[in-house]
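User: Hello! I am new to this structure and would like a close look at one part, the place where chain A and chain B meet. Could you walk me through the contact and the salt bridges around it?

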Amino acid sequence: MEETDLCGSSIFRCDQRLCSADVLPSSEVRARMEVSVLNFLEFLTSPSPAVPHLSLIKRRLDNTGLRQGLVNDVSSIFLSHSFCKRSLMRTKEAKAFIRVWKAMELCFQVLERGKQVTQRELFYRLLCESPDYFTSQAQVNMAVQDLVALLHCTRQSLGIMASSRGAISGRLKLLDPETGVIDCSVLGSAGYAISGDLNLLQKLIFHSDARYIIVLEKDAIFQRLVEDQIFNQIPSILITAKGYPDMATRFLLHRLSREFSGLPILALVDWNPAGVAILCTYKFGSASMGWRPCDVRWLGLRSEDLPSLPVSAMNDLTARDLQISRSLMSSRMLPGPHRAELEMMAAMGKRVEMEALYYRGFGFLGKYVAQKIVRVLHASRVRVLASESVSTP
Amino acid sequence: MAGRSSGSKAPEVLSKIRGIVRSLVVDLCNKRLPSVVLDRYRRIAWIHPVIGTYFSWKEAISFYKESHAQRLDIMLRVLRIIQQLLQENRHGSKRDIYYMHPSVFLEQKVVDQAIKDICILLQCSRHNLNVVPVGKGLLMGWVRFTDGDRRFDCIRSPNTAYPVPVHVEDVEDLFSVAQYVLVVEKETVFQRLANDKFCEKNQCVVITGRGYPDVSTRRFLKRLVENLCLPVYCLVDCDPYGLDILMTYRFGSMQMAFDASLMCVPEVRWLGVFPSDHEKYSLPDRCLLPLSPEDRMKAGAMLQRCYLQKKAPDWRLELEKMLQDGVKCEIEALSVASFSFLSEEYIPGKIQGGVHI
């Protein structure tokens, strides 16, 4: 890799190897924008003037690597120092090049006024102010992504509001400096709605006597477990992103895992490729914003649960499922057990949802979770006890 | 086990279930083929039950026909599950019920049909059977209530979003000093209002159903209106889908005709966005997006709805204008001039000026 590329990236970061998006205050982001503009002007006014290209971190899978934790078993993906260039000189990229600067200008104004905008509002603004360059929402989204990659900060730091669908419940007390204490165990089946504002989530203080953190893929399962008040029988914190995890939910989970580092994080997902993909996102982070991994263990559904489920609860894999499965298996970062499960799904051609456990009644889900926790976490202890009881006459 | 009451109707529903099963058993003992009689509503000539009359006939389901026998079997199974839910004070969704006997039910719509039949048979609403969907509404603002044994005090932090309670019948001690209720279609608009601290400057309650509102959101809105007697203003995009959502709040959805009288909120007023707003507020023409073919089809279908002419002729006129102009306008387009235009000028201006239909 050339030296020039390294220098190019070192405008903002000292550590070139590890590229992650930061949550930054508005003044810092504006400062970075000003630096990039000054850099641009420097190139233009230099003795041999030229229009520099934008070095954006390549946000693709071939630029990701897997880093094994030294002290713990947490692996995380990171974006390496490979860059792609956006250049004004190439006709096809010229407009995309300009779009990044236009988006930067608007975000600068937004941050100056201390406001936040949604991506749709950005679209309408840019549509009206620069109609030659912006004609669709997709172009705005791409420009924002490029800006994130250029400035190494999160989208929210640019002043773009993020929503979160996540919810949290269980044995956790949240202390918000402004609103006071929120006890998540008495909030009802919807739980505490996780705010999309990462700054707010950063300020929360946690108190908990839970022994596990359980991550749910689906809202229906979350609500069932909350209604059954499972956290009173199995002291735990329940968290869900209601599908594919958004940044705020992952951020909160990461904070919880750091705060309560002894607590195992267990995931309950459907037995299908999408469920495995969600699991991997929690575990490793995401390629487009590779950061904040958590050591998430796959509690269920697993293939070992299948024999006890009715055959009619199984559905066929769709074409989309197979697509997701192929793309997951093509990544060298996929752990062995996950790969084996995906292969079994493909071989059987079937997928199973968590609700299949209801065939034994609504109350069975809680018992299933308890059984699995014993099996997954305490299996070694059980084996020792069993061997001891066998050896004593 | 959830320690909440499912309202006062549970014992009534349970005794009705027992009554039906007893009559079937009596039939069998007297060597008669058991049958169940349902009221059916004809959809074509259907006029909203609240407004006018409906055309109905009675359908008897019995073991005479083989297809009916299967329907009866499925209905009885679902009835058994519902009885369990009511006795154990639990709630389940339609999907959960399907998964209890997937080999018998075979398809989700079979369960949905059985539940509709049972609602008609027992003359009650789905939530009385403890069959509730997963809630997705959000609210914020000047309201306080107790949900079961939890106290929600949205007044202390008026810009924080709270989920709309799913079991609306458990909501008690509803207290508010708000002057009106604002219903918004989209979550992003809700966020915009939260970000602008709208509820701090305006004494109101803001609710969103995040698109098409679910049953709990609509019921909660109705509860708010009935208990607090507040005006309700609705802010939707100026496109056929936005108007459809507006009509769902006001008239109820076509799918659930039987429950409509319990969930429709006739007091809903359309605050915006009107097709005429883009001229009035000098929005650039580029903000108006053309109607797609699907939009046009939807608008055409909506114009056929019988209640529109009778009960909301102003809305019908605006929909016709939209179709004529061939353009739609989203709420976010109002932020073009200034990001806080929506919360500082548009909404308060319209409410104070009484510009709503």
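Analyst: Happy to help. Buried area here means the accessible area, taken with a 1.4 Å probe, that two parts lose on being put together, summed over both. Please keep in mind that this is a predicted model.

With that meaning, chain A and chain B bury about 4,000 Å² between them, and carbon and sulfur atoms give 54% of that area. Each side can be counted in residues too: 45 come from chain A and 45 from chain B. Three residues stand out on the side of chain A, namely A:Y124, A:E227 and A:F362. Together they supply 17% of the area that chain A buries against chain B, more than any other three residues.

Now for the polar side of the contact. Seven salt bridges cross the interface of chain A and chain B, and 15 residue pairs there are in polar contact, counting pairs with both residues at pLDDT 80 or more. Two helices of chain A, α4 (119–129) and α7 (219–227), are the elements that give two or more residues to the side touching chain B. Of these, α4(A) gives the most, with six residues.

One of the bridges is easy to find: A:R120 pairs with B:E330, and their closest N and O atoms are 2.6 Å apart. Another salt bridge links B:D196 and A:K115, at 3.3 Å from N to O. This pair joins two chains, because B:D196 lies in the loop between α6 and α7 (198–201) of chain B, while A:K115 lies in the loop between α3 (91–112) and α4 of chain A. B:D196 has 6% relative accessibility, so it counts as buried, the limit being under 20%.

It is worth following chain B around that loop. Helix α6 of chain B spans residues 187–195 and is mostly covered, with seven of its nine residues buried. Those buried residues are B:E187, B:V189, B:F190, B:Q191, B:R192, B:L193 and B:A194. Just after α6(B), B:K197 has a positive phi of about 55 degrees.

Back in chain A, helix α7 has a salt bridge of its own. A:R224 and A:E227 meet there through their side chains, at 3.1 Å from N to O. Both residues sit in α7 of chain A, three residues apart, about one turn of the helix. A:R224 is buried at 3% relative accessibility, and A:E227 is buried as well, with a relative accessible area of 7%. You have met A:E227 already, as one of the three residues that supply 17% of the area chain A buries against chain B.

For a wider view, the structure holds 41 salt bridges over all chains. One within chain B pairs B:K94 with B:D112, the closest N and O atoms being 3.9 Å apart. B:K94 is in helix α3 (residues 94–98) and B:D112 in helix α5 (residues 108–122) of chain B, so this bridge ties together parts that are 18 residues apart in sequence. Here the partners are partly exposed: B:K94 at 28% relative accessibility and B:D112 at 21%. Salt bridges that share partners also join A:K218, A:D270, A:D321, A:R351, A:E353, A:E355 and B:R95 into one network.

A little background on chain A may help you place its side of the contact. Chain A has 14 helices and 15 strands, and of its 393 residues, 54% count as buried. Among its contacts between residues at least 6 apart in sequence, 74% join residues at least 24 apart. The accessible surface of chain A comes to about 17,500 Å², with 55% of it belonging to carbon and sulfur atoms.

Finally, a word on cysteines: the structure holds zero disulfides over all chains. Take B:C119, whose sulfur is 5.3 Å from the closest cysteine sulfur, in B:C124. That is too far for a bond, because a disulfide needs the two sulfur atoms within 2.5 Å. B:C229 is in no disulfide either, as the nearest cysteine sulfur, that of B:C264, is 16 Å away. The surroundings of these cysteines can be set side by side: B:C119 is buried at 6% relative accessibility, whereas B:C229 is exposed, with a relative accessible area of 63%.

Note on methods:
Residues numbered from 1 in each chain as written. Chains lettered and ligands numbered in written order. Predicted model: local features only at pLDDT ≥ 70, side-chain atom pairs only at ≥ 80, totals over all residues. Heavy atoms only, no water. Buried < 20%, exposed > 50% of the residue type's maximum accessible area, 1.4 Å probe, protein only. Helix = DSSP H or I, 4+ residues; strand = E, 2+ residues; numbered from the N terminus. Contact = heavy atoms within 4.5 Å. Areas by Shrake-Rupley, 256 points an atom, 1.4 Å probe, with all protein chains shown as cover. Salt bridge = Lys/Arg side-chain N within 4 Å of Asp/Glu carboxyl O. Polar contact = N/O pair within 3.5 Å; in protein donor to acceptor, adjacent residues only side chain to side chain.
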